[in-house]
Amino acid sequence: MRIGFIGLGNMGGPMARNLMKAGHDLVAHDLDEAKTAPHREAGAEWAESPEEVARRAPVVLTSLPGPDEVEAVALGPQGLAQGLGPGSVYIDTSTGSPSRIRKLAERIEATGARMLDAPVSGGTIGAEAGTLAVMVGGDEETFHALRPVFEAIGEGIIHAGPIGAGTVAKLAHNSISLTTRIVVQEGMALAAKAGVRPEVMLQALREAAFGKQTLLRQIPDVVFGRDFETPRFTLNLARKDLRLGQELAEEAGAPMELAAMALRVQEEGVRRGWGDWDNLSTFMLAEERAGVEIRT
Ligand code: NAD
C-alpha cells in the first residue's frame, strides 16, 4: 500500500522505516527535510506539503509534537484536508487532546475521508523494534481494514472505541505510568537511605507482589468483578504497611509524599468501614469521585 507519513522525528522516523520494511511505499514530508533523508535513500518519495502527501497516498499517518502542529498540518494552508477525499484515511499517532481530535475529525470527515486517532506507547526503543502499543479510536471497520498498517509499527494493537478513545486510553495510561514512576523513585530513595542497595531493591520489585501480581493479576480481577468483601490482603493490613513505610521514611529522612497521599486514600476507605475488605476496595473511592463504574 502507498502510505503518506508526516513528522519523521524520534518516533515517526523509525515508524516510517518499519512501514517500508513491511513492503509499503512511502510518501514522506517533514518541516525539516533532512529528517526524511534516510527514507528517501531507501526509496521513499518526498512531497512538498501535507496536501500533496494526501493527494498521492490513500492512507496518511502523522507523528507530530502536539495538537497545534497536528491542526496546522491537517487544516492549515496546503494542509491534509485539501488533499483528502472519499476513500482516504488519516491516522494521527501523536499524543494529543481527545476533544481537539474529535473536532478535527469532524473537519476531516467533511471531506469524505475517515480519521482514526492512534497514539502509541513504547518510546523510541519500541518504535525502532516495531513493538509499540497502538491505542486506536474511530470507526471499527476502518480500524480492521488498516490492521496490517498498525501491525507494521506495533504489537499490542487495541481498538479503544470511537474517535478520541485512543487518546483517552493513552492519557489515562501515561497518568498511571508516570505517577507510578514517581512513587518508585521515592521508594528507591527510601530503600537506599535506609540501607538497602538499589540492585537489591530492583530484585525485590521484580520478585515481590507489585511486579508479579498487582498489575498482571489483581487489577484485572477488580475490573472483571471480583468482590471486595472476600479479601486477599485487607485494607487494614495494607494501611499498616503504608503507615510503617511513612514511619521509616521519617526516621530515614527520605520523605515519601505520594505514598502519604495514598495513605490518606486508605484512611478514607477504613473510615467507610472497609478495613476488613480487600485493600483494592479503595477503587470505590475513585469510582465515587469520578461518578463512574470501573467494574464490569
Ligand atoms: P519529534 O520532535 O522528534 O518529532 C516531531 C517531528 O515533526 C519533527 O521531525 C518535526 O520536524 C516535525 N514537525 C513539526 N511540526 C511540523 C509541521 N508543521 N509540519 C511537518 N512536520 C513537522 O517528536 P517525537 O518524540 O517523535 O514525538 C512525536 C509524537 O509522539 C508526540 O506527540 C509525542 O508526544 C509522541 N510520543 C513520543 C514518545 C517518545 O518517546 N519520544 C513516545 C510515545 C509517544
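Colleague: Is helix α1 (residues 12-21) largely enclosed by the rest of the structure or not, and why?

Modeller: Good place to start! Helix α1 is largely enclosed by the rest of the structure, because eight of its ten residues are buried. Buried means under 20% relative accessible area, exposed over 50%, and partly exposed in between, with a 1.4 Å probe and protein chains only. The buried ones are Gly12, Gly13, Pro14, Met15, Ala16, Asn18, Leu19 and Met20. After α1 comes Gly23, with a positive phi near 100 degrees.

Colleague: What should I know about the model itself?

Modeller: It is a predicted model, in which local features need pLDDT of at least 70 and side-chain atom pairs count only at pLDDT 80 or more, while totals for chains, interfaces and linings use all residues. Residues are numbered from 1 along each chain as its sequence is written, and side-chain values use heavy atoms, with hydrogens and water left out.

Colleague: How many helices and strands are there in the protein?

Modeller: The protein has 15 helices and nine strands. These are DSSP runs numbered from the N terminus: helices are H or I with at least four residues, strands E with at least two. Of the 296 residues, 43% are buried. The C-alpha atoms fill a box of roughly 65 × 40 × 30 Å along the principal axes.

Colleague: How do I read a pair of packed helices?

Modeller: Two packed helices are described by the angle between their axes and the distance between the axes. Here, the axes of α11 (residues 198-207) and α12 (residues 209-223) come within 4 Å and cross at roughly 35 degrees. Axes are lines fitted to C-alpha atoms, for helices over the stretch in contact, and angles run from 0 to 180 degrees between N-to-C directions. Leu205, Arg206 and Glu207 of α11 meet Ala209, Gly211 and Lys212 of α12, where contact means heavy atoms within 4.5 Å.

Colleague: Which residues are closest to the ligand?

Modeller: Asn10, Met11, Asp30, Leu64 and Thr95 are the closest of the 19 residues that surround the ligand, counting a residue as near if one of its heavy atoms lies within 4 Å.

Colleague: And where are its polar contacts?

Modeller: For a ligand, look for pairs of N or O atoms within 3.5 Å. A side-chain N or O atom of Asp30 is 2.6 Å from a ligand oxygen, and a backbone N or O atom of Met11 lies 2.8 Å from one. For the side chain of Lys35, the distance to a ligand oxygen is 3.3 Å. The protein covers 74% of the 840 Å² of accessible area that the ligand has on its own, by the Shrake-Rupley method with a 1.4 Å probe.

Notes. Polar contact = N/O pair within 3.5 Å; in protein donor to acceptor, adjacent residues only side chain to side chain.
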